[in-house]
Amino acid sequence: MTEYLMFGPKPKVAIGGDRKPNQPATWGTLLHSKEFKEQMENLKDAAKTGFFREEYGDEGYFEGDFLYGQRHGKGVHCFRNFFFEGEFKWGKMEGKGKRIEPDGSEYVGAWKEGREHGFGEYRNKESTFKYTGEWRCGKRHGYGKQEYENRDVYEGEWEDGKYHGRGTYYYANADKFTGLWTHGVKEGDGTLFFSDGSHSRRVYRNGRLDRVQDFDLQSGKYSGVVRREDVSEGGSKSRPTIIGSPRVERVVGDGAKSVP
């Protein structure tokens with residue numbers, strides 16, 4: 001008795017084997033067909049579980065744990081000068097891991113769904129540009145410390161890769177500014193401390209210096225408040241102003257332009 005693999009009319013074209021046209025497809029002919037063997041190999045590859053190595057010709061390889069055909073567990077992935085060693089979950093980098101980019105920069109820390117997420121450290125090849133702190137969805141987010149190539153340092157709160165919240169910006173000449181940022185620019189109250197021991201209170205509006213009140217070391221008192229709207233090009237009516245001078249109106253980077 002002939003076994004058929006489908007209901008309805010018999011196939012006109014043979015699935016495989018040595019059958020002639022219009023010959024019924026049987027289990028025997030199917031199991032020996034080229035198409036069936038290729039499908040079984042594909043299913044086997046898609047369902048592999050354990051430790052395997054995948055080769056990508058001259059472009060790289062993956063070597064590590066698989067679960068039901070997906071990278072799952074620990075592994076090493078090298079592809080076109082990109083290198084990652086760490087943990088995977090259902091085909092994506094997740095857990096702890098180290099990534100090295102073609103330019104030599106690297107990130108070591110926590111991952112989630114293929115992106116930096118949690119605590120980690122990023123640095124360039126020369127280690128002259130470095131961030132250590134919290135990440136979310138591939139961006140600096142939370143609390144962290146950014147060291148710049150010119151030796152300036154920002155330490156404080158971040159949101160979506162920008163300064164956001166309270167933080168302190170340390171200048172290479174030993175001055176420092178402590179205050180508030182909103183989406184990468186200064187906003188609200190802050191204090192600029194100079195390396196000679198003096199300091200100045202200031203208020204910013206959308207990154208622009210709005211008010212200044214200096215502390216005089218000799219008298220031990222604060223001077224009067226100088227407002228931007230009260231100042232002409234030559235200074236206020238009562239005395240010269242330092243608003244607009246390099247010492248007072250130092251520009252603190254917004255964190256977004258230089259942060260990858």
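This report walks through a predicted protein model, from its overall make-up to a few individual residues.

## How to read the model

The model is predicted, with local features needing pLDDT of at least 70, side-chain atom pairs counting only at pLDDT 80 or more, and totals for chains, interfaces and linings using all residues. Residues are numbered from 1 along each chain as its sequence is written, and side-chain values use heavy atoms, with hydrogens and water left out.

## The protein as a whole

Let us start with the broad view. The protein has two helices and 17 strands. Here helices (H or I, at least four residues) and strands (E, at least two) are DSSP runs, numbered from the N terminus.

Of the 260 residues, 33% are buried. Buried means under 20% relative accessible area, exposed means over 50%, and partly exposed lies in between (1.4 Å probe, protein chains only). The protein exposes about 16,200 Å², and carbon and sulfur atoms supply 51% of that area. Accessible areas come from the Shrake-Rupley method with a 1.4 Å probe, and for residues only the protein chains shown count as cover. Among contacts (heavy atoms within 4.5 Å) with a separation of 6 or more, 12% are between residues 24 or more positions apart.

## Strands β1 and β3

Arg-53 is a good place to begin, in strand β1, which covers residues 50–55. Its relative accessibility is 42%, so Arg-53 counts as partly exposed. Leaving aside neighbours within four places in sequence, Arg-53 is in contact with Tyr-61, Phe-62 and Glu-63. Glu-63 is ten residues away from Arg-53 along the chain, and the C-alpha atoms of the two are separated by 4.2 Å.

His-77 sits in strand β3. Is His-77 buried or exposed? With 15% relative accessibility, His-77 counts as buried. Again leaving aside neighbours within four places in sequence, its contacts are Tyr-56, Tyr-61, Phe-62, Arg-71, Phe-82, Phe-83, Phe-84 and Phe-88. Tyr-61 and Phe-62 therefore appear in the contact lists of both Arg-53 and His-77, where contact means heavy atoms within 4.5 Å.

## Two loop residues with positive phi

Asn-81 lies in the loop between β3 (70–79) and β4 (82–89). Although it is not a glycine, Asn-81 has a positive phi of about 70°. Asn-81 counts as exposed because its relative accessibility is 62%.

Cys-137 also has a positive phi, near 55°, and is a residue other than glycine. Its place is in the loop between β8 (130–136) and β9 (139–147). With a relative accessible area of 39%, Cys-137 is partly exposed.

## Salt bridges

How many salt bridges does a search of the whole structure find? The search finds eleven. A salt bridge is a side-chain nitrogen of Lys or Arg within 4 Å of a carboxyl oxygen of Asp or Glu. One of them joins the side chains of Arg-99 and Glu-101, at 3.1 Å from N to O. Arg-99 is buried at 11% relative accessibility, while Glu-101 is partly exposed at 25%.

Another salt bridge links Lys-48 and Glu-54, with 3.2 Å from N to O. Both Lys-48 and Glu-54 are buried. The side chains of Arg-123 and Glu-121 meet as well, at 2.5 Å from N to O. Salt bridges that share partners also join Lys-48, Glu-54 and Arg-71 into one network.

## A positive patch

Which residues form a positive surface patch? They are Lys-92, Arg-115, Lys-139 and Lys-162. Patches are made of residues with over 30% relative accessible area and no salt bridge, joining like charges within 9 Å and nonpolar side chains (Val, Leu, Ile, Met, Phe, Trp, Tyr) within 5 Å. Lys and Arg count as positive and Asp and Glu as negative, while His and the chain ends are not counted. The place of a charge is taken as NZ of Lys, CZ of Arg, CG of Asp or CD of Glu.

Within this patch, Lys-139 is found in strand β9. Lys-139 counts as partly exposed, with 42% relative accessibility.

## A loop towards the end

Ser-223 is in the loop between β16 (221–222) and β17 (226–227). Its relative accessible area is 26%, so Ser-223 is partly exposed. Ser-223 and Val-212 are eleven residues apart along the chain, and their C-alpha atoms are separated by 9.2 Å.
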